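Visitor: I have a model open in front of me and would like to learn how to read it. Could we start with a sheet?

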Amino acid sequence: MNFKLLTLAVSGILTVGVATSATAVITTSPVRQSTDLTEFNSVHSQGAIAQNVEEQTNIRVYEKASPAVVTVDTDKSNGSGTIISPDGMVLTNAHVVSAGGTVNIILSDGRKLVADVIGFGEEGLDLAVVKIRGQNNLPTIPLARPGSVKVGQQAFAIGNPFGQFQGTFTVGIVSRIDQQRGLIQTDAAINPGNSGGPLLNSSGELIGVNTSIFTRGRGGGSIGIGFAISADKIPAFLTAVREGRAPRVAQARSPFGNKSPQKVPLNGPAVSGILTDKSSVLPTDNSFFDLYSFEGKAGQQITIEMKSQEIDPYLILLGPNQREIAQDDDGAGSKDARITVRLPADGIYTLVANSYQARQSGAYTLELKASAPTAPSRAILQEEGALAAGGPVLPSDNSLYREYTFEGRSGQAVTISLESTDFDPYVAIFGPNGRLVAENDDGSDSTKNAFLTVTLPATGRYRVIVNAYDASGRGRYTLTVR
């Protein structure tokens, strides 16, 4: 099953490795034999020189820029940022700091400082500036000259992927420039936690602010399609911040722009729609989409099906807080899509009727069926325990964890909650084949408890990992699987 991620999440327990290499290719003529190694050494040396030049550029960019790249932490989320003035102005994404709470900045040397949000972008611009308190001599990264970015040039990203690997440096190129949306596409590895960090040119100048990725798999890892807000959009925003004209409160933001969803009832007649070149376009992959909304109740089990003979349907379901609940490509058989979930809360849910491929046009039907709200079902698994020193740890970040198992069947809908008042819980579920099915850090913007609703992909034994968000997590927890 394939998945699309609309915006960067901020957490995960995946171990991500990135390797780059340069290789010299040597060809020889089959009709000329020689023991003279001059030509071989010449070609080999050129390759080595090219590799050294590339490595030297990488090292120079990192050493120049990394002191001004920071981690941005709040009570609700985290990401990355760029220091843009010696007195402590930090540029980051609005979605990193928009949930509120104290903003803590972790400098590259490990110092932890408090900052205040002083401005947000308008009209969907996912930018914010925070000001570190009491600083006057910090390193900075300059902005690149407007209009200077070209497809094919080298691109470098620095950030804190998965909230655990501060100062990570990745290398790629500018793959595409979306002038209409002001986005730079790059294949430099960008992962959850890189949000708000810099995309740089070979002079160590800021060419963009990393903001989102297109990915496959619920782990949300990089597959080489990342997006950064072009630096061309930054000067006007910074001017508004410095002049006090930028909003001090986060503006309503949606990956779907200003499009209003069509309201549809549960258990109503099938809805007919059509995707055309006049439809809205999903920025991550240029696919067409329509928006629908419905009112749901906690405990309702719903089944949504999107069918078509003309396109490859794709469904995305967002909860009342606009966070992803589920998505599906071919769950209804053939190329049709189906989502079956138990709703976690009362509220208005948003449904994205989409196509798997870019700019695919055609008619489709949509059906939404729901059961009456029910009392919580009998627990499949309920455990109380503690994460304590001396217990098993994840090698990726040295955080403590405990493991539980249960038997599940294909198509079964389960909800998993992990609650604690002592630490920030993190939960993950792995299937019978050992692959990650889903994971979660914070169930909503108002809680640090973890919550998952998943449809099991196969029959067999599942593993649930009880984990802390970071290596400092200790204390009691309650795990429930229903």
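Visitor: What is the order of the strands in the open sheet of four strands?

Guide: To read a sheet, follow the pairing from strand to strand. In this predicted model, the order is 24-29-26-27, and the pairing is antiparallel.

Visitor: Which strands are at the edge?

Guide: Look for strands that pair on one side only: here these are strand 24 (401-408) and strand 27 (436-440). Going from one strand to the next, the twist averages 20 degrees.

Visitor: How many bridges join strand 26 to strand 27?

Guide: Four bridges join them, with strand 26 covering residues 425-430. You can find a bridge partner by residue: Val 427 has Asn 440 of strand 27 as its partner.

Visitor: Now the interior. Which residues touch the most other members of the largest nonpolar core?

Guide: A core is read as a set of buried nonpolar residues joined through their side chains. This one has 43 residues, and Leu 91, Ile 105 and Phe 237 touch the most other members. Helix 3 (residues 234-242) gives the most to this core, with five residues. Apart from it lies another core of 26 residues, including Val 264, Val 271, Met 306 and Leu 343.

Visitor: What is Ile 105 in contact with, leaving aside its neighbours within four places in sequence?

Guide: Among its contacts are Val 70, Val 72, Leu 113, Val 130 and Ile 132, along with Arg 111 and Lys 112.

Visitor: And how many helices and strands are there in the protein?

Guide: Count three helices and 30 strands. Of the 482 residues, 49% count as buried.

Definitions and conventions: Residues are numbered from 1 along each chain as its sequence is written. This is a predicted model: local features need pLDDT of at least 70, side-chain atom pairs count only at pLDDT 80 or more; totals for chains, interfaces and linings use all residues. Side-chain values use heavy atoms; hydrogens and water are left out. Helices (H or I, at least four residues) and strands (E, at least two) are DSSP runs, numbered from the N terminus. Buried means under 20% relative accessible area, exposed over 50%, partly exposed in between (1.4 Å probe, protein chains only). A nonpolar core is a set of buried Ala, Val, Leu, Ile, Met, Phe, Trp, Tyr and Cys residues joined through side-chain atoms within 4.5 Å. Contact means heavy atoms within 4.5 Å. Two strands pair if DSSP finds at least two bridges between them. Axes are lines fitted to C-alpha atoms, for helices over the stretch in contact, and angles run from 0 to 180 degrees between N-to-C directions.
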